[in-house]
Each structure stands twice: as structure tokens, then as C-alpha cells.
Amino acid sequence: MIKVLFFAILLAQKAFSQDTWDWVRIDCGSDTSYKDSNGDTWDSDDDYIKTGDNKQVASTSSSDIEQLNTLRVFSEQNKNCYTVPTPTSARYFVRAMFWYGNYDGLSKPPTFDLEFDGNKWATVVTNTTSFTYYEMIYATKGDSISICLARTRDQEFPFISRLESLPLPDDMYPQMRRDMAWFIRYRYNYGADDRIIGYPDDKYNRIWEPQIPPGLDSVTANFTSLDETSVNVPPDSAIIKAVEASATDRINLSFGFDNVSHLDHVEMYFTEPFLETSETRSFNVTVNGSFVNTTTPEYQICTSVWANLQSIGTLDIQLVPTEDSTLAPIISAIEVYTVSQPLVIATTSQNDLDGLEEFIDTFDQLKGWSGDPCLPNDTIWQWLNCSTNQPPRVTSIYLSGFGLQGYLPNFSQMDALEVIDLHNNKLSGEIPDFLGKLPNLRLL
């Protein structure tokens with residue numbers, strides 16, 4: 001059953017400035033940090049992750065996007081995590097980009113998982129012909145976001161080309177619940193067929209793909225800038241072009257999803273492209289058959305209509321002219337976000353996190369391990385086993401043959417441990433007394 005929760009038309013005065021000092025831009029695989037042609041700084045990986053190897057794409061696969069010509073590849077650990085600082089309590093816009101570029105000469109692009117803060121974000125399926133990207137809007141739980149690449153197939157090594165995050169103003173996307181992570185599924189600049197719009201045209205770094213659906217006509221406004229715009233501040237260049245139905249016909253838009261239940265957030269953007277005093281344009285907006293709003297676009301003003309709905313499978317939107325409308329429906333742009341599952345709020349037990357930190361601080365061979373060790377539960381650190389309860393507990397440590405040298409740290413707080421396997425290492429000192437006091441230990 002589909003339930004449209006509510007709708008709104010939102011306007012904001014078109015006057016804003018955008019500082020980028022608190023943006024994080026990582027050119028993954030770059031050996032150094034640098035400034036691009038816009039004067040924006042791109043960091044190398046070193047301040048955000050300790051594992052991985054820098055690679056370059058094949059010369060025959062070089063991209064016009066500078067940051068896609070290098071990549072960071074992870075061939076050792078099963079999970080490798082970037083720690084991205086989030087110094088404010090705002091919601092963050094995060095994007096990860098991937099371009100295989102046949103860097104290894106094998107022409108075998110890998111598939112792997114992308115994760116954030118112990119939650120699965122996406123299964124990344126790379127290819128040999130185009131780059132892949134994933135975006136989300138997420139209210140951080142602390143002073144950083146953990147973005148992880150997890151190996152899920154044998155000999156298919158995760159990589160990443162570019163990673164970005166930036167805080168969003170509090171008034172953007174006000175109808176998105178803050179306790180959820182929203183993943184972009186579709187974002188179209190209707191009426192355009194020439195280029196993708198991104199930063200700096202979009203002040204908030206979103207990517208708008210050109211789209212002219214079959215049977216609709218492309219129109220371009222007779223103005224070049226907006227007087228007022230939506231609180232979500234879509235770029236003017238995405239609004240001045242639009243698609244229009246023929247005559248007074250309706251517009252039908254369809255968006256494919258897997259046949260599972262998902263919570264969607266839809267943002268539709270409209271403007272009247274021509275100042276016609278003798279004509280009227282008005283239409284009803286429906287989403288999956290449920291009425292949302294009656295819209296009358298205004299000249300040189302961008303209005304947005306939104307809807308939140310729970311649905312299964314395809315998302316269908318209709319713009320149907322009202323009886324008194326003399327002009328056909330029109331739409332400039334659209335964004336469709338989705339939430340496919342609840343966020344994992346709990347993290348691995350703090351006792352276990354503290355104990356594992358003791359291991360990592362003590363042994364150089366473990367320095368690169370970061371992110372949540374037990375979540376998601378299908379990409380646990382390869383030298384651990386964890387329970388499935390919430391919060392998860394570390395139940396086993398398997399560090400045989402890791403080349404560990406020195407004294408064992410004190411990890412007595414890891415009181416859910418059942419198995420500790422440390423053979424084939426070069427440990428020193430006495431066997432610590434606390435090992436005999438771990439209440440659940442059955443194999444040492």
C-alpha cells in the first residue's frame with residue numbers, strides 16, 4: 001500500500017554564498033595534495049586512511065575528470081575504512097566515485113561493498129566503460145563518518161577514485177528524517193541533452209544528469225537566471241531547461257526499483273519558462289496514484305513539490321493538466337532518494353572497541369584496521385568473529401601467523417571472548433593473568 005505523507009511548496013530568496021573551507025575532497029590514489037582549476041584543495045589519502053596502494057588508470061582509459069585518473073586499491077584486508085571528519089552537527093552530503101580504468105591491465109572490473117558507520121550503503125558494480133558514483137545525505141552520529149570498502153568476492157579487490165563530503169544548511173531538504181540516511185537513486189535535469197551539471201554550477205556539489213523522456217518536448221526559458229528558488233537551491237542551469245507534454249497531454253514519469261519495500265523522498269522542481277499573460281498552466285501532481293498537489297508554475301521562480309511515500313517496485317509520477325489549464329504540464333528537474341533499510345544505530349560494544357584499540361596500538365601489523373569491526377555483520381574484520389546481538393560483541397580473535405612481536409596488551413574488558421588464537425607469532429613476556437579470568441573463554 002502506498003501512503004503519501006505530506007507535500008509542500010517551498011521558496012527561498014535567491015541570495016546565498018557558499019564557503020567550502022569545511023568540505024572534504026579526497027583525490028584517492030594521488031601522491032600529493034593540490035589545488036584544482038577552481039582553486040579548491042584536493043587531499044591525498046594519507047590523512048584519512050592508512051591502508052591501500054596508489055594506482056593510475058591505463059593511459060587508454062584516462063578521464064577528463066582529473067581525480068578519476070588515480071585510485072586507491074585495497075588488496076590486503078577484507079575491509080578498509082576512511083575516517084572523514086564531520087566537525088559540525090549538520091547533515092552531510094557524501095559522494096564516492098569509482099573508475100576502474102583497467103589500472104591492473106586485467107580488464108576485470110571488481111564488485112564490492114560500500115559501507116558507512118557500520119551500515120551497508122551499496123554494492124558497487126564497476127565496469128570498463130564509465131565511472132560509477134553513489135551519493136547520500138546523512139546526519140552524522142559523531143565527529144567523523146567511517147566510509148569503508150569491503151571485499152565480498154575472492155580476488156576482486158575494492159578501490160575508490162574520489163571521496164567528498166560537505167555539510168548542508170539546516171533548511172535544505174527539511175522533510176527528510178534526520179535519523180535516516182538518504183541515498184540518491186535519480187537526479188535529472190529535464191530538457192537538457194548535452195552535459196552533466198555539477199560543482200560549481202551546483203553550489204552543493206550534486207550531479208544532475210541530462211534527460212529528455214520519450215514523447216516529451218524540450219523547452220528553454222527566455223531568462224538565464226532565477227529571481228527566487230527552492231530551499232534546496234538547485235542550480236539555475238538545471239531549472240531554465242524543462243520538458244513539456246504535447247498540447248494539454250499529461251506527463252508520465254517512471255522510476256525503477258527492486259521489488260522490495262522502500263521509503264522514498266521525491267523533490268520535483270518547476271518554473272514557468274515564458275511570460276504569457278493570456279495563457280494559464282496548472283496541473284495536478286500524483287505519485288503512485290495518490291494526489292500530492294496542484295501546481296501553477298511562476299515565471300522566473302523555482303518552486304519545489306515534495307512527497308514522502310512507502311512503496312514497492314516502480315515509482316510512478318503523473319502531471320495531469322487541470323480543467324482550466326490552457327498549457328501543458330512542465331517539469332524542470334527531479335530528485336528521488338530512497339531508504340531501503342533502518343540504520344544500525346548501535347556500534348560494537350565499547351569494551352571491545354577499547355580492547356581492539358589496545359591491539360592496534362601495540363602491534364604494527366594491525367595499524368590499518370579501522371571502522372566498525374563487527375558491522376555490517378557480513379563484512380566483519382577477517383581476524384574476528386562477532387555475535388549477532390545488539391550491540392555486537394567480539395567473540396573470537398584469530399591472529400595466527402600475523403607476525404606479531406612483543407608483549408600482549410591488556411584486553412581484559414573483552415569479556416565476551418570465547419576463542420583467542422595467537423599461535424605462530426613471536427610474543428614475549430609472561431602469559432597475562434587476566435586471560436584466566438575471561439568468563440566465556442573456552443579455547444586459548
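This section describes the overall make-up, the helix α2, the aromatic contacts and the unusual backbone geometry of a predicted model.

The protein chain contains two helices and 34 strands. Along the principal axes, its C-alpha trace spans about 90 × 50 × 40 Å. Of the 444 residues in the protein chain, 54% are buried. The surface that the protein chain exposes amounts to about 19700 Å², and carbon and sulfur atoms supply 46% of that area. Among contacts with a separation of 6 or more, 72% are accounted for by residues 24 or more positions apart.

Helix α2 comprises 13 residues, from 350 to 362. The distance from its first C-alpha to its last is 18 Å, close to the 18 Å expected at 1.5 Å a residue. The buried residues of this helix are D352, G355, L356, F359 and I360. Viewed down the axis of α2, these residues fall within an arc of 145°, and they therefore line one face of the helix. An α-helix has 3.6 residues a turn, so residues three or four places apart point the same way. The packing partners of the buried residues of α2 are the strands β30 (384-386) and β31 (394-398).

Two cis peptide bonds were identified in the loops that involve these elements. One joins L375 and P376, with omega at about -10°; P376 belongs to the loop between α2 and β30. Another runs from Q390 to P391, with omega near -5°, and P391 is located in the loop between β30 and β31.

Aromatic contacts were examined next. A search of the whole structure yields 29 aromatic pairs. One of these is formed by Y188 and Y190, whose rings lie 5.9 Å apart from centre to centre. The angle between the two planes is 55°, and the pair is classed as tilted. Both partners are removed from the surface by the criterion of relative accessible area, for which buried means under 20%. Y188 has a relative accessibility of 16% and so counts as buried, while Y190 is buried with a relative accessible area of 1%. Elsewhere, ring pairs connect F98, Y100, Y103, F112, Y134 and F159 into a cluster.

Arginine side chains also lie over aromatic rings. R25 is positioned over the face of Y199, at 5.4 Å from the ring centre. In a further case, R187 lies over the face of W208, with a distance of 5.6 Å from the ring centre.

Positive phi values were found at S107 and at N205, neither of which is a glycine. For S107, phi is about 55°. This residue is found in the loop between β10 (91-98) and β11 (111-116), and a relative accessible area of 49% makes S107 partly exposed. For N205, phi is near 70°. N205 is located in the loop between β17 (182-190) and β18 (209-211); its relative accessibility is 4%, and N205 therefore counts as buried. The two loop residues thus fall into separate accessibility classes, S107 being partly exposed and N205 buried.

Definitions and conventions: Residues are numbered from 1 along each chain as its sequence is written. This is a predicted model: local features need pLDDT of at least 70, side-chain atom pairs count only at pLDDT 80 or more; totals for chains, interfaces and linings use all residues. Side-chain values use heavy atoms; hydrogens and water are left out. Rings of Phe, Tyr and Trp (its six-membered ring) pair if their centres lie within 6.5 Å; planes under 30 degrees apart count as stacked, over 60 as edge-to-face and the rest as tilted. Buried means under 20% relative accessible area, exposed over 50%, partly exposed in between (1.4 Å probe, protein chains only). A charge sits over a ring if NZ of Lys or CZ of Arg is within 6 Å of the ring centre and within 35 degrees of the ring normal. Helices (H or I, at least four residues) and strands (E, at least two) are DSSP runs, numbered from the N terminus. The expected span of a helix is 1.5 Å times one less than its number of residues. The arc is that of the directions from the helix axis to the C-beta atoms. Contact means heavy atoms within 4.5 Å. Accessible areas come from the Shrake-Rupley method with a 1.4 Å probe; for residues, only the protein chains shown count as cover.
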